[in-house]
Amino acid sequence: QCNQSRIKDCWKVELNLNQLESLKPGDSILFSDQTDFNLKLRQNPTTFSSGSKNYQFLIVESGQEASLTVKRRSPGDVSVFGVVRSPENTYTLEYCRDGCNVLYSVSANAFNDFID
């Protein structure tokens, strides 16, 4: 995932699942120690039959929306998929297998040169 074109930064991340699962609507958390903005939980997470949970957030500083889907795959193995768009960057979280999740960013205007 980290070797794709247009990626500015890429990090392996560990999710604090206990903190995430303890959030109540209206609670805020720092998105990542690599960013300077906070996410505010909009509502209780939606739980799917697969066991995945989807969390809907607002970026406190800009009011933009963010979505994260989390699934416990096995003990110690949690997958995270999500997109968070700040005014400057688009951050994507992806599962890369066996307890590995990555967070990468691209510039918010990285795709402005595409032709319709």
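This briefing describes the fold, the nonpolar cores, the disulfide and the charged side chains of one protein chain. The model is predicted, and every value given here is computed from it. The protein chain contains one helix and nine strands, and its 116 residues have a radius of gyration of 14 Å, which agrees with the value near 13 Å for a compact globule of that length.

**Overall fold**

- Read along the sequence, the elements of the protein chain follow the pattern β-α-β-β-β-β-β-β-β-β.
- Taken along the principal axes, the C-alpha atoms of the protein chain fill a box of roughly 40 × 30 × 30 Å.
- Of the 116 residues in the protein chain, 39% are buried.
- When contacts between residues at least 6 apart in sequence are considered, 31% of them join residues that are at least 24 apart.

**Nonpolar cores**

- The largest nonpolar core has 22 residues, and the members that touch the most other members are Phe-31, Leu-39, Phe-57 and Val-84.
- At least two residues of this core come from each of β1 (7–13), α1 (17–22), β3 (38–41), β5 (53–59), β6 (65–74), β7 and β8 (89–97).
- Val-84 shows how one member of this core meets residues from other parts of the sequence: leaving aside neighbours within four places, Val-84 is in contact with Phe-31, Phe-37, Leu-39, Ile-59, Ala-66, Leu-68, Asn-89, Thr-90 and Tyr-91.
- A second core, separate from the one above, has six residues, among them Cys-100, Val-102, Tyr-104 and Val-106.

**The disulfide**

- The structure holds one disulfide, which is formed by Cys-96 and Cys-100, with their sulfur atoms 2.0 Å apart.
- The torsion about the S-S bond of Cys-96 and Cys-100 is about -70 degrees, and therefore the disulfide is left-handed.
- Cys-96 is buried, with a relative accessible area of 13%, and Cys-100 also counts as buried, at 19% relative accessibility, because buried means under 20% relative accessible area.

**Salt bridges**

- Side chains of opposite charge can pair when their charged atoms come close, and in this structure the count of salt bridges comes to two.
- One salt bridge joins the side chains of Arg-72 and Glu-21, at 3.0 Å from N to O; since Arg-72 lies in strand β6 and Glu-21 in helix α1, the pair ties together parts that are 51 residues apart in sequence.
- Glu-21 is partly exposed, with a relative accessible area of 35%.
- Another salt bridge is formed by Glu-65 and Arg-42, whose closest N and O atoms are 3.6 Å apart; because Glu-65 lies in strand β6 and Arg-42 in the loop between β3 and β4 (46–47), this pair ties together parts that are 23 residues apart in sequence.
- Arg-42 is partly exposed, with a relative accessible area of 40%.

**A buried charge without a salt bridge**

- Asp-77 lies in strand β7, which covers residues 77–85.
- Asp-77 is buried yet has no salt bridge, and the nearest side chain of opposite charge, that of Arg-73, is 4.1 Å away; this pair is not counted because a salt bridge requires a side-chain nitrogen of Lys or Arg within 4 Å of a carboxyl oxygen of Asp or Glu.
- Not counting residues up to four places away in sequence, Asp-77 touches Lys-71, Arg-72, Tyr-95, Asp-98 and Gly-99; of these, Arg-72 is the residue that meets Glu-21 in a salt bridge.

How values were computed
Residues numbered from 1 in each chain as written. Predicted model: local features only at pLDDT ≥ 70, side-chain atom pairs only at ≥ 80, totals over all residues. Heavy atoms only, no water. Helix = DSSP H or I, 4+ residues; strand = E, 2+ residues; numbered from the N terminus. Buried < 20%, exposed > 50% of the residue type's maximum accessible area, 1.4 Å probe, protein only. Lys, Arg positive; Asp, Glu negative; His and termini not counted. Contact = heavy atoms within 4.5 Å. Core = buried A, V, L, I, M, F, W, Y, C linked by side-chain atoms within 4.5 Å. Disulfide = S-S within 2.5 Å. Rg over C-alpha atoms; globule rule 2.2 N^0.38 Å.
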